Amino acid sequence: MKLSDNFSLSEFACPCGCGREKLPHVVAALTRLCERRLEPVRAACSGAPVRIHSGVRCAAYNAKLGGAKASKHMALGKVAAADVVVGGVPTLKVCDAARSIARNLGSGGVKAYTNRAKGRVEFVHVDDRASLWLPKS
């Protein structure tokens, strides 16, 4: 199932295989995330493909990863999240693009996550929360 021009539902599947991503309210939240956040990030990165590093998580899988208890990845309500990587584009540039989009919309969460052992940014978290959340990475 296509969520937008460049994203499909299967890219966001919970790794445990529970199928949470197929729930109607989750599909709606993911569609909104793709259209308002991820497609613009792709465009800002010269059309380079955006790979979903982590999409939807059920509560059990989120707990297994040590995720936040109210993680936006669980797509509770109308908010969804994705951790993304854009091939050939520096992760900090992806983060800057996502932050610019969030600022223009006046909402959303964006944070670059660093692999401390490797000393480099690994992926960018993007969500469509109602408030603006842009912590230092």
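Arg57 and Asp83 form a salt bridge, with their closest N and O atoms 3.5 Å apart; the term salt bridge is used here for a side-chain nitrogen of Lys or Arg within 4 Å of a carboxyl oxygen of Asp or Glu. The pair links distant parts of the chain, since Arg57 sits in the loop between S3 and helix H2 (59–65) and Asp83 in strand S4, 26 residues apart. Helices (H or I, at least four residues) and strands (E, at least two) are DSSP runs, numbered from the N terminus. Both Arg57 and Asp83 are buried, where buried means under 20% relative accessible area, exposed over 50%, and partly exposed in between (1.4 Å probe, protein chains only).

The structure is a predicted model, in which local features need pLDDT of at least 70 and side-chain atom pairs count only at pLDDT 80 or more, while totals for chains, interfaces and linings use all residues. Residues are numbered from 1 along each chain as its sequence is written, and side-chain values use heavy atoms, with hydrogens and water left out.

A search of the whole structure finds three salt bridges. Another of them joins the side chains of Arg32 and Asp128, at 3.8 Å from N to O. Arg32 lies in helix H1 and Asp128 in the loop between S6 and S7, so this pair ties together parts that are 96 residues apart in sequence. Arg32 counts as partly exposed, at 29% relative accessibility, whereas Asp128 counts as buried, at 9%. A salt bridge is also found between Arg129 and Asp127, whose closest N and O atoms are 2.7 Å apart. Arg129 and Asp127 are both buried.

Asp128 deserves a second look. Its side chain reaches the backbone nitrogen of Ala80 at 3.0 Å, a polar contact (a pair of N or O atoms within 3.5 Å; within protein, one must be able to donate a hydrogen and the other to accept it, and residues adjacent in sequence count only if both atoms are side-chain atoms). With neighbours within four places in sequence left aside, Asp128 is in contact with Ala29, Arg32, Leu33, Arg37, Lys78, Val79, Ala80 and Gly108; contact means heavy atoms within 4.5 Å.

The strands can now be put together. Five of them form an open sheet in the order S3-S4-S6-S5-S7, with mixed pairing; two strands pair if DSSP finds at least two bridges between them. Strand S3 (50–54) and strand S7 (132–133) stand at the edges with a single partner strand each, so one side of each is left without a neighbour in the sheet. Strand S6 has six of its eight residues buried, so S6 is largely enclosed by the rest of the structure. Four bridges join S6 to S4, and these two strands run antiparallel; here Val84 has Val124 in S6 as its bridge partner.

On S5 (residues 108–115), seven bridges lead to S6 (residues 120–127), again in an antiparallel arrangement. One bridge pairs Asn115 with Arg120 in S6. S5 and S6 form a hairpin with four residues between them, and Gly119 in the turn has a positive phi of about 70 degrees. Thr114 lies in strand S5 and is partly exposed, with a relative accessible area of 35%. Beyond its neighbours within four places in sequence, Thr114 is in contact with Gly119, Arg120, Val121 and Glu122. In a regular strand the side chains alternate between the two faces of the sheet.

Two helices lie across these strands. Helix H1 (residues 24–44) crosses S3, strand S4 (81–86), S5 and S6, and runs at about 145 degrees to S6. Helix H3 (residues 91–105) lies across S4, S5, S6 and S7, at about 165 degrees to S5. For these angles, axes are lines fitted to C-alpha atoms, for helices over the stretch in contact, and angles run from 0 to 180 degrees between N-to-C directions.

The length of H3 can be checked as well. At 1.5 Å a residue, the 15 residues of H3 should span 21 Å, which agrees with the 21 Å between its end C-alpha atoms; the expected span is 1.5 Å times one less than the number of residues. In H3, Thr91, Val94, Cys95, Ala97, Ala98, Arg99, Ile101 and Ala102 are buried. What covers these buried residues includes H1, S4, S5, S6 and S7. An α-helix has 3.6 residues a turn, so residues three or four places apart point the same way. Just after H3, Gly106 takes a positive phi of about 75 degrees.
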